[in-house]
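Reader: I am new to this structure. Please give me a close look at a single part of it, and set that part in its context.

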Amino acid sequence: MNKQKIAVLLSGALTAAGLAVMVPTASTAATACAAPYAASQVYTGGTSASYNGHNWNAKWWTQGETPSTGGSGVWSDQGACGGGGDPSPSPTGTAPSCDHPVWVAGTQYVTGAVVKYAPNGQYYVATHDNPGYDPTVSTWYWSPYTCTGGSSPTPSPTTTTTPNPGGFVVSEAQFNQMFPNRNSFYTYSGLVTALSAYPAFANSGSDTVKRQEAAAFLANINHETGGLVYVVEQNTANYPHYCDSTQPYGCPAGQAAYYGRGPIQLSWNFNYKAAGDALGIDLLNNPNLVQTDAAVAWKTGIWYWMTQNGPGTMTPHNAMVNGAGFGETIRSINGSLECNGGNPAQVQSRVNAYTTFASILGVPTGSNLSC
């Protein structure tokens with residue numbers, strides 16, 4: 001008689017005698033989850049992250065590519081997981097503890113960050129990186145999160161951010177040195193005023209990183225505006241082109257009202273609406289504010305830098321803060337036309353300005369300058 005039959009007969013005999021039988025089974029406990037995937041984080045080959053209840057392993061360097069079996073194939077599915085670093089409730093249905101900070105407007109949050117929204121006492125998890133959007137309004141960036149017990153500690157940002165003593169990391173003298181021929185519209189005071197819209201801008205990480213980010217931002221807008229000379233786009237033939245009338249809100253300021261303005265040359269009605277909504281300014285109906293109010297103009301430039309991937313895979317802010325390099329900021333701003341050999345002269349113009357500005361601020365340029 002084989003061993004399997006003996007085990008079955010023995011089990012039946014003990015049950016008949018009124019004794020409980022423990023039949024050995026294979027363990028069904030799920031592997032603990034790695035730390036949650038964050039779009040802003042750099043993953044090198046061999047590092048792991050959890051996403052949608054599975055652990056994933058990076059085969060090579062990646063940033064901003066959501067774990068999946070498709071795409072570039074950088075992620076390898078390691079199977080289902082439970083507990084550990086995954087922000088989702090565990091498979092047993094036991095909700096995680098509510099030890100999460102209170103949401104703070106204007107704080108940069110990365111994918112996977114969990115916050116308590118004080119006005120309604122509910123918790124939310126960031127589904128996309130965002131600069132502190134309201135969880136109850138910006139539902140694309142936030143999703144409801146279930147947890148129990150615990151307590152919310154004092155509000156704290158998810159990035160290393162310290163107050164800006166005396167203002168920007170770039171002094172007015174350095175700013176004037178960078179832009180000796182700038183248009184008087186682009187005031188230093190307007191730039192400093194605009195910093196309040198995104199406190200993490202040029203204020204995250206080490207002092208070197210803060211200055212590198214400031215140099216990168218100013219180098220890109222130097223290129224976009226001819227050294228802060230141009231306030232509006234010079235090719236007026238493009239003006240009527242920037243109205244997408246298929247949008248439900250249309251172009252209330254006029255067919256030709258949404259041309260490029262400001263340090264980042266904000267254009268198109270949908271971009272004016274998006275920037276205005278984020279900044280709390282009605283730019284859809286009043287696009288001219290970007291060329292008449294210096295602080296508003298600077299805010300739109302910082303808005304793009306902090307929140308938009310453009311043709312790239314990450315925001316320019318994340319590129320500098322997380323070490324992807326200046327080249328990735330170019331990709332996020334105009335990569336579809338300039339990067340991968342599209343226009344090397346334009347890329348070099350940006351790189352030259354960044355090298356000069358980094359030198360003025362006394363910091364190294366870092367690696368990956370080009371795209």
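Author: The account below begins with the whole chain, turns to one helix and the helices it meets, and ends with loops and a sheet.

The model is a predicted one, in which local features need pLDDT of at least 70 and side-chain atom pairs count only at pLDDT 80 or more, whereas totals for chains, interfaces and linings use all residues. Residues are numbered from 1 along each chain as its sequence is written, and side-chain values use heavy atoms, with hydrogens and water left out.

The protein chain contains 10 helices and seven strands (DSSP runs numbered from the N terminus, a helix being H or I of at least four residues and a strand E of at least two). Of its 371 residues, 45% are buried (under 20% relative accessible area, against over 50% for exposed and in between for partly exposed, with a 1.4 Å probe and protein chains only). Among contacts with a separation of 6 or more, 56% join residues 24 or more positions apart (a contact means heavy atoms within 4.5 Å).

The part chosen for the close look is helix α4, which spans residues 207-225. Two packed helices are described by the angle between their axes and the distance between the axes.

Consider α9 to begin with, a helix of residues 326-338. Its axis and that of α4 come within 9 Å and cross at roughly 25° (axes are lines fitted to C-alpha atoms, for helices over the stretch in contact, and angles run from 0 to 180 degrees between N-to-C directions). The two helices are therefore roughly parallel to each other (angles under 35 degrees count as such, over 145 as roughly antiparallel, 65 to 115 as roughly perpendicular and the rest as oblique). The crossing of α4 with α9 is right-handed (the near helix is turned clockwise from the far one by less than a right angle; anticlockwise would be left-handed). On the α4 side the meeting residues are Ala216, Ala219, Asn220, His223 and Glu224, and on the α9 side they are Phe326, Thr329, Ile330, Ile333 and Glu338. By class, five residues of this contact of α4 with α9 are nonpolar, three polar and two charged (Ala, Val, Leu, Ile, Met, Phe, Trp, Tyr, Cys and Pro count as nonpolar, Asp, Glu, Lys and Arg as charged, and the others, Gly among them, as polar).

Helix α10 (residues 344-360) also packs against α4, their axes coming within 8 Å and crossing at roughly 140°. That angle makes α4 oblique to α10. Here too α4 passes its partner, α10, in a right-handed crossing. From α4, the residues in this contact are Gln212, Ala215, Ala216, Leu218, Ala219, Asn220, Asn222, His223 and Glu224; from α10, they are Gln346, Ser349, Arg350, Ala353, Tyr354, Phe357 and Ala358. The contact of α4 with α10 divides into eight nonpolar, six polar and two charged residues.

His223 deserves a separate word. Its place is in α4, and a relative accessible area of 18% means that His223 is buried. Apart from neighbours within four places in sequence, His223 is in contact with Glu338, Gln346, Ser349 and Arg350.

The loops on either side of α4 each offer a residue to note. Most residues other than glycine have a negative phi. Ala202, in the loop between α3 (188-194) and α4, has a positive phi of about 50° although it is not a glycine. Ala202 is at 0% relative accessibility and so counts as buried. Gln265, in the loop between α4 and α5 (269-279), has a positive phi of about 55° and is likewise not a glycine. Gln265 is buried, with a relative accessible area of 16%.

For context elsewhere in the chain, three strands form an open sheet in the order β5-β6-β7, with antiparallel pairing (two strands pair if DSSP finds at least two bridges between them). The edge strands, each pairing on one side only, are β5 (114-117) and β7 (142-145), and the twist averages 40° from one strand to the next. Strand β6 (residues 122-126) pairs with β5 over four bridges; in these strands Val114 is partnered by Val125 and Lys116 by Tyr123. β5 and β6 form a hairpin with four residues between them, and in the turn Gly121 has a positive phi of about 75°.

Tyr124 lies in β6 and is buried, with a relative accessible area of 10%. Tyr124 and Trp142 are 18 residues apart in sequence and 6.1 Å apart in space, C-alpha to C-alpha. Not counting residues up to four places away in sequence, the residues that Tyr124 touches include Val115, Pro135, Trp142 and Tyr145.
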